[in-house]
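Trainee: Could we go through the charged pairs together? I would like to learn what lies behind each label.

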Amino acid sequence: MKKIILISSLLFCQLLLSQSYVDATGADRFSSTRALEDFNSLKGSVESEELMLEDVLGSMYFDEEFQAATVILNDKKVEEKTFLRYNAFKDEIEIGSSVDQKKASNILIKRSNVGAIIGKETYILIAIPGSKNPEGIYVVELFSQNNHKLYLHRSKKFVEEKPAPSGLGGSLPARFEDQTTLYHTSLTSPLPEIVRVSKNGILKLFPEDQVRLKKFISQNKIKFKENQDVLFVFENFKLEE
């Protein structure tokens, strides 16, 4: 059985000028004609492409449902409720009109001053040095304290159909694989760097405090098998200012 996924995107943005604002569905909520013209100039044309997938397992989303959400513009909440979901395959935030909507025709434009609160998580863009995505990637902030920040990036990797291992016969169906990556920034190292989920990966972040950190890891018997183990260190180890 073939599954055809139609991926449609329409660049979408919010513009806030003076006392005016635009709601998250693009409704006409401007205090001046100039503001409306500026908003229209930031719109892009619809780009559509069809991705033919054979017996696809999994989903492009960690959560396929649209949720009541809030758009953040220039660190301020846009005073209009909307419905959003995160497409982890395309690294896009999709816009819907209700929780029952299945497909999205609009997305939030990727700009450093535009983010979103979806459920209990706040999505922001961070620029990754050397990345093929110059506009940045969406991350969720897990920790922010003592001049340190820890971010989580969720993604989906599409793996094409391929022959099964020798002797098994048949083929392995195409699928979406879950992937997560942790990033760390600090006052002294403002550029995001990947955090490896390992003891050495954590020690590398705090070269001036490795003795105490090694003792803390040993006392708490941390095995570093998942992201939560890294977050536990950040939340419970007293980091130096």
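Trainee: What makes the contact between R154 and E121 a salt bridge?

Mentor: A salt bridge is a side-chain nitrogen of Lys or Arg within 4 Å of a carboxyl oxygen of Asp or Glu. The closest N and O atoms of R154 and E121 are 2.7 Å apart, so the pair fits that definition. R154 lies in strand 12 (residues 148-159) and E121 in strand 10, so the bridge ties together parts that are 33 residues apart in sequence. Strands here are DSSP runs (E, at least two residues), numbered from the N terminus.

Before we go on: this is a predicted model, where local features need pLDDT of at least 70 and side-chain atom pairs count only at pLDDT 80 or more, while totals for chains, interfaces and linings use all residues. Residues are numbered from 1 along each chain as its sequence is written, and side-chain values use heavy atoms, with hydrogens and water left out.

Trainee: Why is D91 called buried?

Mentor: Buried means under 20% relative accessible area, exposed over 50%, and partly exposed in between (1.4 Å probe, protein chains only). D91 has 8%, so the label is buried. E121, with 25%, is partly exposed, and so is E135, with 36%.

Trainee: Which residues are joined into one network by salt bridges that share partners?

Mentor: They are D91, K110 and E135. The side chains of K110 and D91 meet at 2.8 Å, N to O, and those of E135 and K110 at 3.8 Å. The whole structure holds eight salt bridges.

Notes: Helix = DSSP H or I, 4+ residues; strand = E, 2+ residues; numbered from the N terminus.
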